[in-house]
Amino acid sequence: GRLGSAETGTGLVRALAACKRYGVDLINLSYGEPFYESTSGRVAETFDDAVRKWSMTVFTSAGNDGPALSSLGAPGCLTAPITVGAYVSPAMMREQYSMLEGDVPATSYTFSSRGPTPDGWIPTLCAPGGAIAPIPRHMLAGRAQYHGTSMSSPNACGVAACVLSALAREDRPSPPALRRALESTCKPVPSADPFAQGFGLIDAPAAVTYLETHAGKTAHDLAFDVTVPSQGDARGVYLRDAGQVLSPAAGGGGVVGVQVKPRFAHATSRDEAEVEEVLKLDVDVALSCAADWVTTPASLVLQSGVAARPQSFQIKIDAASLPPGAHFTRVEGRDATDPTRGPLFTLPVTAIVPHNGLKGTSADESYALSLRGGVPERRFVRAPSGAEFAKVKLKTGALPKGPHAVTFHAVPSARGDLPNTESQTKEYPMLRPDDEKTIIVPCQGGATLELCVALGWMSNPVDDVPLDMEVEFHSYGLGEQLGAAGAGDSSVGVRIGAADEYGRLEVGAPLRSETIDAEASLKAVDRALRPTKSLVRAGSAVLDALPPSDAELRADPAAPAALVHEALLTYDFELKAANADDASVGHTVVPQLSALHKQLYDSPIDGAIWRVKDQNGQILAHGGLIHDAKPLSLRAGKYALEVLLRHTDRAALEDMKDLPARLRFNLKDPMTCPIVKDRGTATVGGEALKDGFLRKDARRAIYVRRPDGKLPAWVERGDTLVGSLVLDKELDDDRVHVPLAYEPPPPATPEKKDDATDDDEEKSDEEKDAEALTEAVRDAQISALKALRGTDPPSRFDALAASIRTEHPSHLPFLREILDDAVARLNKATDKADAANRVVAAADAILGDVDADAVASYFGRKEPRDGAAAKKRGDDMDEQRAALRHALLYRAMALSSDDAVDELDRWAPEVTTFAEDDDRDTYVLAHARRDANRGRPGAALAAIRARLKVAKLDGTCNQALHDAKAELLETLELEDWVRLAKEDLLRRYPPTTNPL
């Protein structure tokens, strides 16, 4: 596909709508991405509609980013889908993975993503996450082994299909009833933590029995929203940091309010039956919690009319006395008259008690771990206030049964909205005897850092592997200025403005003495673009129509669908050559829409994709917004970035018509920014900052100067160079750095030189003014003539040319413009003979006006250019020689004559004689035709190919070069190469371009 295997918002929304059109009951979605908001976004809303309004049950994978907590991705973080973790049994370990003998119990796969989300949500259940399955024949294999939550989710969906198949069609359960049946009958896996398995392992027979037993009971088909209003309507309680454990309530204390609201699948205007359903709801709910650290009321009455008045109750949490580690429980609400039905609703509650205590911290911690196969070992460490990163040392002893493969996974916090993928640390070290490994881990001061180590069970499943873990917390006193992988979302850092010579950064050592061994470099150039045009239009009436809810259709079979609209934004841009000495070298470019970047399920729009085209219409790349695309290699030329945004609200798209885009150019060689010790040195330059130490509690300023060396010639005004400042080069730049940006100043204005000659000195001011006016009018007329070059009808160009000719018949720039117009008309003419004659006539006019002998004599003697008069004569000779060569070049092209090319060679023996790319293309074409005429098609083909490597993609003769290549291949009777060349021509110069 255009985006590889990545999903898009457009594809997901269209697929869900199509499933509804075709009457689908069950959907599996084996995708997963990071998220900023766990419950919001246009795609997330469509998933909610699919389940709540369109009566489909959606299964989705939890993700493969475990084993640390709070690693759940999207759409697994959403409320409506059933999120499935990956389970592995001892039999699977032995038979699928050929595990050595060992006593590893059934558990969750190490990679299976864990909850809770920042608002306390966890996966729903688990299913087998590995299989040996048949694969397509193009893979040249019959079967292959796969594992991941992308396997467990379809497994669970298949189990649900079996459950539905076991029931009579008239007894098919609603999505809420099916979900409750699956959750209530899961089998908990003792050795797997609830953060990965949810309610437990899915059980098809038990689910069938549940549905047969409880069908038709009160609230059987009703879903409930259970939230904590004081915590932003969180779907659970997640006490991650010490302050939250000590005081769970948002306003202080241990009492937390919970709200319960039923979700009726009703039309906007309820009919009589729907009103009756609301009024009949009257359930005595027995509240309970299995954990003694959570206290609940005994009961709750869900009364009639509750849809308008959600019911509330309070729970009391006392987690401060719990032992260190992760603790999980659920508050359950059951039908008091029939508790065997299982919970009508639940509220997940998680409390993390740090291993280094709830109060007081140290900059150094150490832990003795005992690793067991299939059971992640977790240490929760409260980072000292102001801590920015930690050095985690893993130390081993003799390891008589080693070596051992482990997964090390650190998540610094569950605060805010930053995805775990932006701040986590994950490595896969091999533990060898008497070894020590140091891993740099970003952290947040005052937050609880999880350090998780999981022993691999596939190759060496032994228990009680000893491992010592030492944790050293560090800080440079930078706070939010320190980037931790996700620093691209932060505006803080060091910025050197266009009018500045340096940027200043104050550093400290609040926790311990710190090493200062700094380096700063700029690695990329950011260029902002604004749309040059925009178009808001309706989407497809079939693909983009979102069906009304089932309830709305029952009330009105003609209820209209909601139509998704599209906004097509076009950003035109032009690139200069990346390398002035080698035109074949391209820029490495990544397009981005930073305002929407790295969002999909939680994006404020339904979908967004982009593509890049060259001036000929060739599509060079596609991309989405959730991931960066593979960097493009773009040579000098004109391009267009097209972006397609989608939303059901047309007005929202109208507001985004000026959305800026960004091009990020990766620099081949990073530019170093000197680091100095004081402001004076930062201004005038001088000795660099020497390596050293910053003693504990000391502070000092360091200064980052603008980059050494000359900026790339293609950098434009308004561009920003970006990179990073590392305070200790031994630290991993990708994990701990300060963002660095440099805004280049405007280019220097060249000093004007006085080129006045003796003749100029003899003229009066009035004569000089009159001459300057005449020249200005003439030059303005020629500029207007240039704007009409090649336009139809030609009479407009001819009329203006006739007017100029009366005053300046021999002015070389005017004669060259006449020739260039003739060439432009020849390139698009159907009657080539007449147009070629016009080119020859224009070229002959230049040749008749230039004194070729005088030009040859001047350059043959290599006359000096000292003095104003000599310089003026030299400039005049340069102009005449350039015009002469230009005329000979296009005369040779128009005549297609070997003699004309030979004459050209006397004045222009090399293609590099010409500076313009179009002239060089024409030169190569003319010589290739001569070589072909003289029986040297191979030499002609070689010249064409060499030129195509460096020719501008939007050059006037670019297509002619490709046509000539195909003709020469035909001459050489290389049939397969001819076919490929013609296919390449269609790709490079498509007659039409498909809509985005």
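Two strands are said to pair if DSSP finds at least two bridges between them. With that rule in hand, we can begin to read this structure, which is a predicted model. Strand 26 and strand 44 (residues 738–742) run parallel and are joined by three bridges, and within this pairing Ile496 has Tyr742 in strand 44 as its bridge partner.

These two strands belong to a wider arrangement, an open sheet of seven strands whose order is 26-44-43-29-39-34-37 and whose pairing is mixed. At its edges stand strand 26 (494–496) and strand 37 (632–634), each of which pairs on one side only. If you follow the sheet across, the twist from one strand to the next averages 30 degrees.

A second sheet can be read in the same manner. Here four strands form an open sheet in the order 8-10-14-12, and the pairing is antiparallel. Strand 8 (223–227) and strand 12 (294–295) are the edge strands, and each has a single partner strand, so one side of each is left without a neighbour in the sheet. Further in, strand 10 (residues 255–263) and strand 14 (residues 311–317) pair in the antiparallel sense over six bridges, with Val260 standing opposite Gln311 in strand 14.

From the sheets we turn to the helices towards the end of the numbering given here. The axes of helix 18 (residues 852–861) and helix 19 come within 10 Å of each other and cross at roughly 120 degrees, which means that helix 18 is oblique to helix 19. The crossing of these two helices is left-handed. Where they touch, residues of helix 18 including Ala852, Val855, Tyr858 and Phe859 meet residues of helix 19, among them Arg873, Met877, Gln880 and Leu884. Sorted by class, this contact of helix 18 with helix 19 has seven nonpolar, two polar and four charged residues.

Helix 19 (residues 868–895) also meets helix 20 (residues 898–907), and their axes come within 8 Å and cross at roughly 160 degrees. Angles over 145 degrees count as roughly antiparallel, and helix 19 is therefore roughly antiparallel to helix 20. This crossing, too, is left-handed. On the side of helix 19, the contact residues are Leu884, Arg885, Leu888, Leu889, Arg891, Ala892 and Leu895, while helix 20 contributes Ala900, Val901, Glu903, Leu904 and Trp907. The residues of this contact divide into nine nonpolar, no polar and three charged. Leu884 takes part in the contact with helix 18 as well as in the contact with helix 20.

Aromatic side chains give another view of how parts meet. A search of the whole structure finds 13 aromatic pairs. One of them, formed by Phe47 and Tyr601, is tilted, with 6.0 Å from centre to centre and 55 degrees between the planes. Phe47 lies in helix 2 (residues 42–52) and Tyr601 in the loop between strand 34 (587–592) and strand 35 (607–614), so the pair ties together parts that are 554 residues apart in sequence.

The loop that holds Tyr601 also holds Lys598, whose phi is near 65 degrees, a positive value in a residue other than glycine. Most residues other than glycine have a negative phi, and most peptide bonds are trans. Against that background, two cis peptide bonds deserve a look. One joins Ala74 and Pro75, with omega about 10 degrees, and Pro75 lies in the loop between strand 2 (57–61) and strand 3 (82–88). Another joins Asp792 and Pro793, with omega about -5 degrees, and Pro793 lies in the loop between helix 14 (765–787) and helix 15 (795–807).

How values were computed
Residues are numbered from 1 along each chain as its sequence is written. This is a predicted model: local features need pLDDT of at least 70, side-chain atom pairs count only at pLDDT 80 or more; totals for chains, interfaces and linings use all residues. Side-chain values use heavy atoms; hydrogens and water are left out. Axes are lines fitted to C-alpha atoms, for helices over the stretch in contact, and angles run from 0 to 180 degrees between N-to-C directions. Angles under 35 degrees count as roughly parallel, over 145 as roughly antiparallel, 65 to 115 as roughly perpendicular and the rest as oblique. A crossing is left-handed if the near helix is turned anticlockwise from the far one by less than a right angle, and right-handed if clockwise. Contact means heavy atoms within 4.5 Å. Ala, Val, Leu, Ile, Met, Phe, Trp, Tyr, Cys and Pro count as nonpolar, Asp, Glu, Lys and Arg as charged, and the others, Gly among them, as polar. Rings of Phe, Tyr and Trp (its six-membered ring) pair if their centres lie within 6.5 Å; planes under 30 degrees apart count as stacked, over 60 as edge-to-face and the rest as tilted.
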